[in-house]
Amino acid sequence: MCSSDLRYFKTSTKKDVRAHNNRKTVELKEHLKSIGQKLYLLKARDYFTGTRTPCPPERVYNDENKCGALLQQLYLGVGSRVMLRHNIDVQKGLVNGATGRVVKFEWSIFRRDQHKVGDLPTKVYVKFDHDIAGSDDNVWPISSVTSNFEGKKNTPVTREMIPLILAWSVNTHK
């Protein structure tokens, strides 16, 4: 697929976009399984700000727009269409809204795969739809980022997550 495979919903709801992205993810999961690969579930790490103490889920909103634009969880596999949700390098065009396709995962040292469901990779390599100076074939590694926000009951929370969302289809508000 190329950038023309991206489906835009200009008048549809986020629910329509989410449903389309979920259908495409199920199709990808079946394809990956048929070739001996898998779809990974990535889960954000939420901490009380300034600590490495996990923040309980009941203190965190389910709406990513209230959580620094970082998803709580995300299913990704090689071939997933994705969109950046944070600016990584403005000069290279690696900005909020840039789209591409996942081509590879890099896991922590001595691991060739996800250790347990939910673990975050150290990097997700994305082949972007636009030219990136200094990259091989417009492929760029995306590492997790952190975002601080106020959770429920005025709880200061820091979320760590890969700053991507699914993007087989998008609406004008991502």
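**View 1. The surface and overall build of the protein chain.** The accessible surface of the protein chain comes to about 10,000 Å², and 48% of this area belongs to carbon and sulfur atoms. The model shown in this and the following views is a predicted one. Of the 174 residues in the protein chain, 43% are buried, where buried stands for a relative accessible area under 20%. Measured out along the principal axes, the box filled by the C-alpha atoms is roughly 45 × 45 × 35 Å.

**View 2. The helix and strands of the protein chain.** The protein chain contains 1 helix and 12 strands, and from the N terminus on these elements follow one another in the order β-α-β-β-β-β-β-β-β-β-β-β-β. With a radius of gyration of 16 Å, close to the 16 Å that the globule rule gives for 174 residues, the protein chain is therefore as compact as a globular protein of that length. Among the contacts with a separation of 6 or more, 63% are between residues that lie 24 or more positions apart in the protein chain.

**View 3. The largest pocket and its lining.** The largest pocket holds about 640 Å³ of space. It is lined by 24 residues, of which Arg18, Asn22, Glu64, Leu71 and Leu166 are the closest to the centre of the pocket. Two or more residues of this lining come from each of helix H1 (14-34), strand E4 (73-76), strand E11 (164-166) and strand E12 (169-171). Helix H1 gives the most to the lining of the largest pocket, contributing 8 residues. Sorted by class, the lining of the largest pocket comprises 9 nonpolar, 9 polar and 6 charged residues.

**View 4. The second largest pocket and its lining.** About 230 Å³ of space lies in the second largest pocket. The residues that line the second largest pocket are Lys43, Ala44, Arg45, Asp46, Tyr47, Pro54, Cys55, Pro57, Val60, Gln72, Gln73 and Arg159. Strand E3, which spans residues 45-48, supplies 3 residues, the largest share of the lining of the second largest pocket. When the lining of the second largest pocket is sorted by class, 6 residues are nonpolar, 2 are polar and 4 are charged.

Technical notes
Residues are numbered from 1 along each chain as its sequence is written. This is a predicted model: local features need pLDDT of at least 70, side-chain atom pairs count only at pLDDT 80 or more; totals for chains, interfaces and linings use all residues. Side-chain values use heavy atoms; hydrogens and water are left out. On a 1 Å grid over the protein atoms alone, a cavity is a set of points where a 1.4 Å probe fits but cannot get out, and a pocket is an open set with protein on both sides within 12 Å along at least five of seven lines; lining residues have an atom within 4 Å of a point. Grid points are joined across faces, edges and corners, and a volume is the space filled by probe spheres set on the points. Helices (H or I, at least four residues) and strands (E, at least two) are DSSP runs, numbered from the N terminus. Ala, Val, Leu, Ile, Met, Phe, Trp, Tyr, Cys and Pro count as nonpolar, Asp, Glu, Lys and Arg as charged, and the others, Gly among them, as polar. The radius of gyration is taken over C-alpha atoms; the globule rule is 2.2 Å times the number of residues to the power 0.38. Buried means under 20% relative accessible area, exposed over 50%, partly exposed in between (1.4 Å probe, protein chains only). Contact means heavy atoms within 4.5 Å. Accessible areas come from the Shrake-Rupley method with a 1.4 Å probe; for residues, only the protein chains shown count as cover.
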